[in-house]
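Please study the structure shown below, and then work through the exercises in order. Each exercise is followed by a worked solution.

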Amino acid sequence: LAFLFIFFGFFSVLRLSDFIIHPINHLSTAAKEFSGGNLNYRAPVTTNDELGMLAETFNSMADKLDNLYTSLEQKVKDRTNELSIKNNELEKAYKELKEIQSMLIHNEKMRSLGQLVAGIAHELNNPINFIYGNLVHLKNYSNDMIKIIEAYEQFKYELNESSISEVENIKTEIDYEFLKEDLSSLIKSCRDGAERCKQIIIDLKDFS
């Protein structure tokens with residue numbers, strides 16, 4: 001009887017130990033898994049006593065924490081996407097601002113250049129018009145002078161030899177024949193140059 005009593009007592013202790021220790025081990029394992037980042041792990045509920053209730057409470061807490069973590073993770077993703085969109089919008093706005101700034105600087109440079117060109121064209125226009133206008137009179141005056149000289153040529157033989165010799169010496173000294181031929185081409189060349197300058201001034205005004 002004593003042996004049977006000891007045997008059943010020892011057997012009962014082992015059964016009671018397994019009944020208590022196993023749920024505690026499950027809870028300990030679940031706590032370790034959960035603390036290690038495995039939020040999907042749940043403790044098995046093997047009893048209906050306080051240890052089972054503790055396991056259910058642990059699992060409920062794990063579900064809430066898992067849901068909270070998932071919710072926070074989703075909020076972080078949404079916020080990250082929102083910040084990314086805002087950042088792209090800011091980059092786009094900054095690029096547009098730089099383009100506008102560059103355009104304004106370019107326009108200001110062109111405006112200043114236009115004012116400078118208009119001022120130069122105005123300053124050049126007056127003397128060029130003066131030269132261009134006077135070349136017409138110079139051509140007429142030179143033609144009249146040549147006519148007078150040619151008229152004198154017709155009467156040079158009525159002069160005495162000394163006067164004729166003096167006139168011939170002057171004509172030789174100034175190279176009269178060359179001057180008479182070159183004078184018209186020289187005036188034409190000046191007129192062409194003045195016309196080109198006048199056209200440049202017109203182009204500058206159009207540009208400004």
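The exercises below concern a predicted model.

**Exercise 1. Describe the overall fold of the protein.**

Step 1. Count the secondary structure elements: the protein has 4 helices and 0 strands.

Step 2. Read these elements along the sequence, which gives the pattern α-α-α-α.

Step 3. Consider burial: of the 208 residues in the protein, 14% are buried.

Step 4. Turn to the surface, where about 16,800 Å² is exposed and carbon and sulfur atoms supply 62% of that area.

Step 5. Examine the contacts with a separation of 6 or more: residues 24 or more positions apart account for 69% of them.

**Exercise 2. Determine which residues form the nonpolar surface patch, and which helix gives the most to it.**

Step 1. List the members: M110, L113, L116, I120, L124 and F207 make a nonpolar patch of about 530 Å².

Step 2. Assign the main contributor: helix α2, residues 50–154, gives the most, with 5 residues.

Step 3. Take I120 as an example, a residue found in helix α2. I120 can belong to a patch because its relative accessible area is 38%, and patch residues need over 30%.

**Exercise 3. Analyse the salt bridge of E108 in helix α2.**

Step 1. Identify the partner: E108 pairs with R111, and their closest N and O atoms are 2.5 Å apart.

Step 2. Locate the pair: both residues lie in helix α2, 3 residues apart, or about one turn of the helix.

Step 3. Assess exposure: E108 is partly exposed at 37% relative accessibility, and R111 is partly exposed at 43%.

**Exercise 4. Analyse the salt bridges of D192 and R191 in helix α4.**

Step 1. Begin with D192, whose side chain meets that of K188 in a salt bridge (3.2 Å, N to O). The two residues are 4 apart in helix α4, residues 176–207, so about one helical turn separates them.

Step 2. Compare their exposure classes: D192 is partly exposed, at 32%, whereas K188 counts as exposed, at 52% relative accessibility. K188 is classed as exposed because the cut-off is over 50%.

Step 3. Continue with R191, which forms a salt bridge with E195, their closest N and O atoms being 3.5 Å apart. R191 and E195 also lie in helix α4, 4 residues apart.

Step 4. Record the accessibility of this pair: R191 is partly exposed at 31%, and E195 is partly exposed at 34%.

**Exercise 5. State how many disulfides the structure holds, and describe the exposure of C190 and C197.**

Step 1. The structure holds 0 disulfides.

Step 2. C190 is partly exposed, with a relative accessible area of 39%, and C197 is partly exposed at 33%.

Terms used: Residues are numbered from 1 along each chain as its sequence is written. This is a predicted model: local features need pLDDT of at least 70, side-chain atom pairs count only at pLDDT 80 or more; totals for chains, interfaces and linings use all residues. Side-chain values use heavy atoms; hydrogens and water are left out. Patches are made of residues with over 30% relative accessible area and no salt bridge: like charges are joined within 9 Å, nonpolar side chains (Val, Leu, Ile, Met, Phe, Trp, Tyr) within 5 Å. Accessible areas come from the Shrake-Rupley method with a 1.4 Å probe; for residues, only the protein chains shown count as cover. A salt bridge is a side-chain nitrogen of Lys or Arg within 4 Å of a carboxyl oxygen of Asp or Glu. Buried means under 20% relative accessible area, exposed over 50%, partly exposed in between (1.4 Å probe, protein chains only). Contact means heavy atoms within 4.5 Å. A disulfide is a pair of cysteine sulfur atoms within 2.5 Å.
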